[in-house]
Amino acid sequence: MVVTNCSISGSKTVVIMPAYNAEGTLEKTVRDIPKEVVGEIILCDDGSKDKTLEIAHKLGLTVLRHIENRGYGANQKTCYDAVLKTDADIIVMIHPDYQYDPRVLPFAVGFIRLGICDIVIGSRIRTRKETLEGGMPVYKYISNRFLTALENMGFGQNLGDFHSGFRAYRRKVLEQINYSGNSDDFIFDTEFLAQAVFHGFRIGDIPVPTRYSPEASSISFQRSLKYGIQCVVVVIKYLLQKTRIHNFTLFCPDADNHKRK
């Protein structure tokens, strides 16, 4: 289902939003997006039980819908499939929960346009004090620091936050990575970054102010624990693939996307 596009002539930057029950934060997030650098905002509603869909229509976004909840990863797949049908050369993924400040979007896009990075991630971890004062639960902060350190070592990177919901991509990244074969769950993001590193894309990060609130999306401690274990498994798969001990379809390029180019 598609409604009126939010467009700016000549712009090739498109924002995508994987949304689920975001009625309390969606409008605030959209209002803070710098429209002068964004040509379109595509939102996929993943079977929300609230008024997310109604608000997205009211805001004039391009709206896609899953009738039933299919999961965070599945939501992103629908968004990326849709954005590759546009002429966007830079795609920015922002969670619509107002946890990440969208006003930094022009700076993330700038690093890609200058050819410095292929992917830019908004890092919530500038200092421990600032992050915790922003409302990040202590157990999430500790797990984030542990997993990010492990992923930096395993993937050979030096990023501040591997688990951010603010990410900007050069179009070529989505065209080459086999994201359609990734999980439909939260681990999708980690799989995507592992694929990006494997294919040699340059990843950088910028600080992004973060604010946790009762309305912001979050997962339970149990799901966080499962997610942490899955992250470790992805790192192991990456290392086995790089050392040619075992091959995983996770790291195969997307032949269908190559055909569409």
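These are my notebook entries on a predicted model of a single chain.

**Entry 1, the chain as a whole.** I began with the secondary structure of the chain, which comes to 10 helices and 7 strands. I then looked up burial, and found that buried residues make up 56% of the 261 residues in the chain. For the contacts with a separation of 6 or more, I noted that residues 24 or more positions apart account for 77% of them. The chain exposes about 12,100 Å², and carbon and sulfur atoms supply 55% of that area.

**Entry 2, the sheet.** I asked myself in what order the strands of the sheet stand. Reading across, I wrote down E3-E2-E1-E4-E6-E5-E7, an open sheet of 7 strands with mixed pairing. Strand E3 (62–66) and strand E7 (203–207) are at the edges, and each has a single partner strand, so one side of each is left without a neighbour in the sheet. I also took down the turn between neighbouring strands of this sheet, which is 20° on average, direction ignored. As a reminder to myself, strands of a sheet pair through backbone hydrogen bonds, either parallel or antiparallel.

**Entry 3, the E5 and E7 pair.** At the E7 edge I checked strand E5 (residues 119–123), which runs parallel to E7 and is joined to it by 5 bridges. Within this pair, I found Val120 opposite Gly204 in E7.

**Entry 4, a helix across the sheet.** Next I followed helix H3 (residues 72–83) and asked which strands it lies across. The strands I listed for H3 are E1, strand E2 (40–46), E3, E4 and strand E6 (166–170), and the helix runs at about 155° to E1.

**Entry 5, a nonpolar patch.** On the surface I located a nonpolar patch formed by Phe111, Leu114 and Ile116, which together have about 300 Å² of accessible area. Phe111 belongs to helix H4 (residues 105–113). Is Phe111 buried or exposed, or does it fall in between? Its relative accessibility is 34%, so I entered Phe111 as partly exposed, given that this class lies between the cut-offs of 20% and 50%.

**Entry 6, positive phi values.** I then looked at backbone angles, and noted that Asn21 has a positive phi of about 50° although it is not a glycine. Asn21 sits in the loop between strand E1 (13–19) and helix H1 (26–31), and with a relative accessible area of 32% it is partly exposed. Tyr98, likewise a residue other than glycine, has a positive phi near 65°. I placed Tyr98 in the loop between strand E4 (90–94) and H4.

Conventions
Residues numbered from 1 in each chain as written. Predicted model: local features only at pLDDT ≥ 70, side-chain atom pairs only at ≥ 80, totals over all residues. Heavy atoms only, no water. Buried < 20%, exposed > 50% of the residue type's maximum accessible area, 1.4 Å probe, protein only. Contact = heavy atoms within 4.5 Å. Areas by Shrake-Rupley, 256 points an atom, 1.4 Å probe, with all protein chains shown as cover. Patch = residues over 30% accessible without salt bridge, like charges linked within 9 Å, V, L, I, M, F, W, Y side chains within 5 Å. Salt bridge = Lys/Arg side-chain N within 4 Å of Asp/Glu carboxyl O. Pairing = 2+ DSSP bridges. Axes fitted to C-alpha atoms, helices over the stretch in contact; angles between N-to-C directions.
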